[in-house]
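Q: Please give a close look at the interior of this protein, with attention to cavities and the residues that line them. A formal account for someone new to the structure would be welcome.

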Amino acid sequence: MTRRTALAAVAVAVALGLGLAGCQATARAPVGTASAPTTRTSAPSVTPTAAPTTDAATTRALDALESDHDARLGVVAIDTGTGATVTHRAGERFAFASAAKVFIAATVLADASGPDLDVVVPITQGDVLAYAPVTSQHVGTGMTVRALLDAMVRSSDNTAANLLVARVGGPAAVERWLRGIGDDVTRVDRVEPDLNEATPGDERDTTTPAQFAVDLRALLVGDALDPADRALLVDTMRGTTTGAGTIRAGVPGGWTVADKTGTASYGVRNDVGLVTPPSDAPIVLVVMTGHAGADAEPDDGLVAAATRAVVHALDR
């Protein structure tokens, strides 16, 4: 159900444009966590028509957040109405953690017909991981694919994620789907909970903020999914229960947020999605963070502060 030919053309178009955002971001020495070496194709542009518009004041503000929080911070925001962008370390790799559940959901939806979503998937006690707030209540009875999608996105249920990844053919199938929409950067290697190791320098289960933003724009605003599937995914993300202190805490009152968070070792705390001002075009927003120490705490406040800086920079 993907329009892959169209998406491939878009990917080629965006690849012509960003260049500078990735180069400028990578040129700064990382703070806290060492930047993972990138050996794959460089991240494509976050927009095919507009150059990054990050001004010096915004760059200073985001640099200061890194220093104050002793963290590494990756940001890409795309105003889909004006084409303006804000970028920070856009071309560096970050562990995506559970934010990648958006990609899992897209892979499932792209392969599924309406009736497929109502198929019941068995759940055994052996399937249940440590973080399974929804699926742990359905051992023996199972859940439909639709209900697993809901649990995975809204509640970040890890068992739901693994059952859905297995259903589509494993992590390699999710990565193949991303390749089909023009993403040659993101790596999908493991399932929960192993993907949350997030060891600095390990490129497994990583992407760049620039690439994540391109993919999100294709999924949530563009035509990478059929309209009904896109609407289902966006609506489910609006119900996310794991991000009250992250992007949602950083946008003004009255804005609509459809997001997916992620948390891992080394203080990884991510939030990605769409933020929409009242009566205005949505903003694609990716905020990815990490720290130097394996036992560092995830920092919701850093994500919220970065979101506020982006909103200010885009004059919203």
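A: The account below treats the cavities in turn, then some contacts and a hairpin.

This is a predicted model, in which local features need pLDDT of at least 70 and side-chain atom pairs count only at pLDDT 80 or more, while totals for chains, interfaces and linings use all residues. Residues are numbered from 1 along each chain as its sequence is written, and side-chain values use heavy atoms, without hydrogens or water.

A cavity is a set of points on a 1 Å grid over the protein atoms alone where a 1.4 Å probe fits but cannot get out, and its lining residues have an atom within 4 Å of a point. Points are joined across faces, edges and corners, and the volume is the space filled by probe spheres set on them. Helices (H or I, at least four residues) and strands (E, at least two) are DSSP runs numbered from the N terminus.

Two cavities reach 30 Å³ or more. The largest cavity has a volume of about 170 Å³. It is lined by 21 residues, of which Arg72, Ala95, Ala198, Thr199 and Pro200 are the closest to its centre. Strand 3 (94–95) and strand 9 (283–290) are the elements that each give two or more residues to this lining. By class, the lining of the largest cavity holds eight nonpolar residues (Ala, Val, Leu, Ile, Met, Phe, Trp, Tyr, Cys, Pro), six charged (Asp, Glu, Lys, Arg) and seven polar (the others, Gly among them).

The second largest cavity has a volume of about 120 Å³. Of its 16 lining residues, Ile104, Val165, Val188, Arg190 and Leu195 are the closest to the centre. Helix 4 (101–111), helix 6 (158–168) and helix 7 (171–180) each give two or more residues, and helix 6 supplies the largest share, three residues. This second lining divides into 11 nonpolar, two polar and three charged residues.

Helix 4 also takes part in an aromatic contact. A search of the whole structure finds one aromatic pair (ring centres within 6.5 Å; planes under 30 degrees apart are stacked, over 60 edge-to-face, the rest tilted). Phe103 and Phe212 form this tilted pair, 4.7 Å centre to centre with 35° between the planes. Phe103 lies in helix 4 and Phe212 in helix 8 (residues 209–220), 109 residues apart. Both Phe103 and Phe212 are buried (under 20% relative accessible area, 1.4 Å probe, protein chains only; exposed is over 50%, partly exposed in between).

Strand 1 (residues 72–79) and strand 2 pair in the antiparallel sense over four bridges (pairing needs at least two DSSP bridges). His88 in strand 2 is the bridge partner of Val75.

How values were computed:
On a 1 Å grid over the protein atoms alone, a cavity is a set of points where a 1.4 Å probe fits but cannot get out, and a pocket is an open set with protein on both sides within 12 Å along at least five of seven lines; lining residues have an atom within 4 Å of a point. Rings of Phe, Tyr and Trp (its six-membered ring) pair if their centres lie within 6.5 Å; planes under 30 degrees apart count as stacked, over 60 as edge-to-face and the rest as tilted.
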